[in-house]
Amino acid sequence: MANFVLVAGARLGAWAWDEVVPHLRAAGQGAHPLTLSGLAGRRGVPAGQQTHVQDIVDEVEGRDLRDVVLVGHSYSGIPVGQAAERIGDRLSHVIFVDSSVPADGEACVSAWPDGGAMVKASIAENGGFWPLVPATHYDGHGLTDEQIARILSGSTPHPGATLTEPAVLARPLDELPATYIQCLLAGAELSDDVRRLLTSRHWRLVEMDTGHWPMFSRPRELAQIFLQAAGE
């Protein structure tokens, strides 16, 4: 039995996986959606990037999980990629869902076109948090009005330090057994880092014809991809 530890992206919590979890459990697998420090039900808990890495490690070790499949969506690919190195032989596979990937010594926003200048300014103007976004941010991603409303109602401002602090990697990510899911409606090209990682024999690419939040727009299909990745 695989144990999926599911970590959603910026501003989201464990609730974002509510429609994915039943499909994983119906297949006889363990599913452990995780809320990172400072978000959703853990709002108010101080958090930097390494706090989020430790949140994931603590979930795995605290539950004594084995055959772990770590899943990181969007921002959460950054802490998930680091945590994957730190859980040792408990790890079975890593899945990056349309996500950033960590680079040693680099911040999440450093790879953005402006080096993260706009995000850093926004964080400074909003008390150390990356603020919420309007409904129009989710247009064109295959989401219904109801799904967008659900995302908006559950989202919380994101702890800014997690985006601006550097990642810490002990070894190259291309040594990890990994699947990268690219969501085509998101419109973004794969980053140079992801393209390089996909040349590794340990990595594979899966494309989904949906937007950046497939846990809402295509939960059954997403769960099936997770199950296939875990079985390889």
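**Entry 1: the sheet**

I began with the strands of this predicted model, and I found that six of them form an open sheet, in the order 2-1-3-4-7-8, with parallel pairing. I then asked which strands stand at the edges of the sheet. They are strand 2 and strand 8 (203-208), and because each has a single partner strand, one side of each is left without a neighbour in the sheet. I also looked up how neighbouring strands of this sheet are turned against each other, and the average is 20° when direction is ignored.

**Entry 2: strands 1 and 2**

Next I went to the edge where strand 2 stands. Strand 1, which covers residues 3-7, pairs with strand 2 in the parallel sense, and I noted five bridges for this pair. As one example of a bridge, I wrote down Asn3, whose partner in strand 2 is Gly30. Following the chain onward from strand 1, I passed through helix 1 (residues 21-26) before reaching strand 2, and this β-α-β crossover is right-handed. I wanted to know how many of the five residues of strand 2 are buried. The count is four of five, so that I recorded strand 2 (residues 30-34) as mostly covered, where buried stands for under 20% relative accessible area.

**Entry 3: strand 7 and its two partners**

I turned to strand 7 (178-183), where I found that six of its six residues are buried. When I checked which way these residues point, Ala178, Tyr180 and Gln182 went one way from the strand, while Thr179, Ile181 and Cys183 went the other way, and all are buried.

On one side I looked at strand 4 (residues 91-97), which pairs with strand 7 in the parallel sense over four bridges. Among the bridge partners, Val94 is matched with Ala178 in strand 7, and Phe96 is matched with Tyr180. I then looked at strand 8, which runs parallel to strand 7 and is joined to it by six bridges. For this pair I noted Cys183, which stands opposite Met208 in strand 8. The chain gets from strand 7 to strand 8 through helix 7, and I recorded this β-α-β crossover as right-handed.

**Entry 4: the largest pocket**

I looked up the largest pocket and found that about 1000 Å³ of space lies in it. Its lining is made of 40 residues, and those that lie nearest the centre of the pocket are Ser74, Asp98, Ser100, Trp112 and His212. I asked which elements give two or more residues to this lining. The answer is strand 7 and helix 7 (192-197), and helix 7 gives the most, with three residues. I also sorted the lining residues by kind, and they divide into 22 nonpolar, eleven polar and seven charged.

**Entry 5: two residues with a positive phi**

I looked for residues other than glycine with a positive phi, and I noted two of them here. Arg11 has a phi of about 75°, and its place is in the loop between strand 1 and helix 1. Is Arg11 buried or exposed? With a relative accessible area of 6%, Arg11 is buried, because buried means under 20%.

Asp64 has a phi near 50°, and I found this residue in the loop between helix 2 (49-62) and strand 3 (68-73). The relative accessible area of Asp64 is 46%, which makes it partly exposed, because that term covers values between the 20% cut-off for buried and the 50% cut-off for exposed.

**Entry 6: two loop residues and their distances**

I ended with two loop residues, for which I looked up both the accessibility and one C-alpha distance. Val45 lies in the loop between strand 2 and helix 2, and with a relative accessible area of 34% it is partly exposed. Although Val45 and Pro159 are 114 residues apart in sequence, I found them 9.3 Å apart in space, C-alpha to C-alpha.

Thr136 is placed in the loop between strand 5 (129-130) and helix 5 (145-154). Because its relative accessibility is 55%, I counted Thr136 as exposed, the cut-off for this being over 50%. Along the chain Thr136 and Ile148 are twelve residues apart, and I noted 9.1 Å as the separation of their C-alpha atoms.

Notes: Residues numbered from 1 in each chain as written. Predicted model: local features only at pLDDT ≥ 70, side-chain atom pairs only at ≥ 80, totals over all residues. Heavy atoms only, no water. 1 Å grid on protein atoms, 1.4 Å probe; cavity = no way out; pocket = protein on both sides within 12 Å on 5 of 7 lines; lining within 4 Å. Points joined across faces, edges and corners; volume = space filled by probe spheres on them. Nonpolar A, V, L, I, M, F, W, Y, C, P; charged D, E, K, R; others polar. Buried < 20%, exposed > 50% of the residue type's maximum accessible area, 1.4 Å probe, protein only. Pairing = 2+ DSSP bridges. Right-handed = clockwise from strand over helix to strand, strands pointing away. Axes fitted to C-alpha atoms, helices over the stretch in contact; angles between N-to-C directions.
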